Every structure is written in structure tokens, then in C-alpha cells.
Amino acid sequence: MASTRALLVLAVSMAAVLCRAHGASYTVGAPAGSWDLRTNYTRWASGVVFRAGDQLVFKYSRAAHNVLEVSRADYDSCSGSGTLNTFATGDDAVPLPAGGVIRYFICGVPGHCDAGMKLAVRVEAAGDPNAASPSTVPVAMAPRAARPPMATPAAGGPAAVPPSSSVAASAGVGSLMMLGLSAAMAALMAFY
């Protein structure tokens, strides 16, 4: 009986680790925008806790935009001179494998970063208990003249929607894994 309990504890622990390893996928700017000139990325990112294992998905028109990963200095000056990574497919998945870092992204099309197409993402360690709520990254924000802010509820309208992600898809995989694990454990318990 003790070996069954030990096996159960081990199996549940492994399932928890495996479910977290899949991470979440966040579409940048969603649901009110995308990688565009209308979205306030500081506001968008402040509503999400990004963890190691998650990924960002940049969706945009290839003819109009691109994504450059840059240093903090290049982010602050809207310069692509020291580009670390370039993404230009219009549907770019950027993994966030390491925690404890801040990643910086800009649009490399002239004038777009200065107009606000820049994103700083603080990535927390996967199991960091201190990352229980979204936190903002202290960054210089470009002015946003003549552009509406990210969607806000109208008087009497629906509440603002948090950033979209395919967390449900990741949760679905985890739920299936847990369901399978639970069925296996129930079968094992039936033998004892």
C-alpha cells in the first residue's frame, strides 16, 4: 500500500511538471489588436505574466511590418543596428525558454518603433512563486498621438478582455494528460 501511495505521488508530481513544460502561447496585442500601429504594447504586456516555456506569436502583414529582437539600448532608441533576431513571416512564434530575463522587440520599418511598435517582455522562471500577478517592465514609451488606446469598455459595455492566448490549447493538452494519468492511477488502485 505504501508503494502505491509513493507511485501516486510521483505520478501526480510528474504530471504537474509536464503540464507546465508546455507553456502558454500569447498572440501579441490580441484580442484588441495585433503587431500593428494601434496597439499599446506596454498596457497589453502588463496584463500577462510571461513564464519560461511560454511563447509569443507575432501576427502581422509581411508587407507592412517585421519584428526585430534588440538590446535594451536599441529598444530605447528605436534602433535596429544591433539586431539579435529578425522575424518576418507575418506569423512568428518566438519561444521564451529562459526566465529571469527581459526580451525587447521592435518593428524595424522606419518610423514604426517611434510610433509605439515596441514590446518589452519580462520572463519569469517557470516555477517562480513571486510571479503570481502581472508586472510591468519599466520602459520608455513612445508618444501615441492621434491613436486610440487599446480597447476599453464603453459606459455600460462589457468589461475589458485580458490578452488573448492559446492557453486553452495548452491547458487542453495538460487536461488530457491529467485525464490519462488519472485513469491509469484508477486502474492501478483497482488492483490493490
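This is a short walk through one protein chain, from its overall layout down to a few residues.

Okay, thanks everyone. Before anything else, keep in mind that this is a predicted model.

Let's start with the whole chain. We have four helices and eight strands. Reading from the N terminus, the order of elements is α-β-α-β-β-β-α-β-β-β-β-α. There are 192 residues in the protein chain, and 36% of them count as buried. The accessible surface is about 10,100 Å², with 64% of that belonging to carbon and sulfur atoms. And how about contacts along the sequence? If you take the contacts between residues at least 6 apart in sequence, 73% of those join residues at least 24 apart.

Now to the sheet I'd like to spend time on. It's an open one with three strands, in the order β1-β3-β6, and the pairing is mixed. β1, which is 25–27, and β6 are the edge strands, each of them pairing on one side only. From one strand to the next the twist averages 25°.

So where does the "mixed" come from? On one side, β1 and β3 run parallel and share three bridges. Ser25, for instance, has Gln55 in β3 as its bridge partner. On the other side, β3, residues 54–59, pairs with β6 in the antiparallel sense, over six bridges. Gln55 turns up again here, standing opposite Pro95 in β6. Further along, Phe58 has Asp92 in β6 as its bridge partner. Hold on to Phe58, please, we'll be back there in a minute.

Let's stay on β6 a little longer, residues 91–96. Which side chains of this strand are buried, and which are not? Asp92, Val94 and Leu96 point to one face and are buried. Asp91, Ala93 and Pro95 point to the other face, and those are not buried. That's the textbook pattern, really: in a regular strand the side chains alternate between the two faces of the sheet.

Take Asp91 from that second set. Asp91 is in strand β6, and with a relative accessible area of 46% this residue is partly exposed, since exposed would need over 50%. Setting aside neighbours within four places in sequence, Asp91 is in contact with Val57, Phe58 and Lys59. There's also Ser61, 30 residues away in sequence from Asp91, with the two C-alpha atoms 8.7 Å apart.

Right, aromatics. Over the whole structure, a search finds six aromatic pairs. One of them is Trp35 with Tyr41, a tilted pair at 4.9 Å centre to centre with 50° between the planes. Trp35 counts as buried because its relative accessibility is 0%, and Tyr41 is buried too, also at 0%.

Then Phe58, as promised. Its ring centre is 5.3 Å from that of Phe105 and the planes are at 55°, so this pair is tilted as well. Why does this pair tie together parts that are 47 residues apart in sequence? Because Phe58 lies in strand β3 while Phe105 lies in β7, residues 101–106. Both Phe58 and Phe105 are buried. And here's the bit I like: Trp35, Tyr41, Phe58 and Phe105 form one aromatic cluster.

One more ring before I move on. Tyr75 has the charged end of Lys118 sitting over its ring, 4.4 Å from the ring centre.

Last stop, His112. This residue is in the loop between β7 and β8, the latter being 118–124. Is His112 buried or exposed? Buried: its relative accessibility is 14%, and the cut-off is under 20%. Not counting residues up to four places away in sequence, His112 touches Leu37, Ala64, His65, Cys107 and Met117. Cys78 is 34 residues from His112 along the chain, and their C-alpha atoms are 8.8 Å apart.

To wrap up, if you want to look for yourselves, I'd begin at Phe58. From there you can go to Asp92, its bridge partner in β6, or to the aromatic cluster with Trp35, Tyr41 and Phe105. That's it from me, happy to take questions.

Conventions
Residues numbered from 1 in each chain as written. Predicted model: local features only at pLDDT ≥ 70, side-chain atom pairs only at ≥ 80, totals over all residues. Heavy atoms only, no water. Buried < 20%, exposed > 50% of the residue type's maximum accessible area, 1.4 Å probe, protein only. Helix = DSSP H or I, 4+ residues; strand = E, 2+ residues; numbered from the N terminus. Pairing = 2+ DSSP bridges. Contact = heavy atoms within 4.5 Å. Areas by Shrake-Rupley, 256 points an atom, 1.4 Å probe, with all protein chains shown as cover. Axes fitted to C-alpha atoms, helices over the stretch in contact; angles between N-to-C directions. Phe/Tyr/Trp six-rings, centres within 6.5 Å; stacked < 30°, edge-to-face > 60°. Lys NZ or Arg CZ within 6 Å of the ring centre and 35° of its normal.
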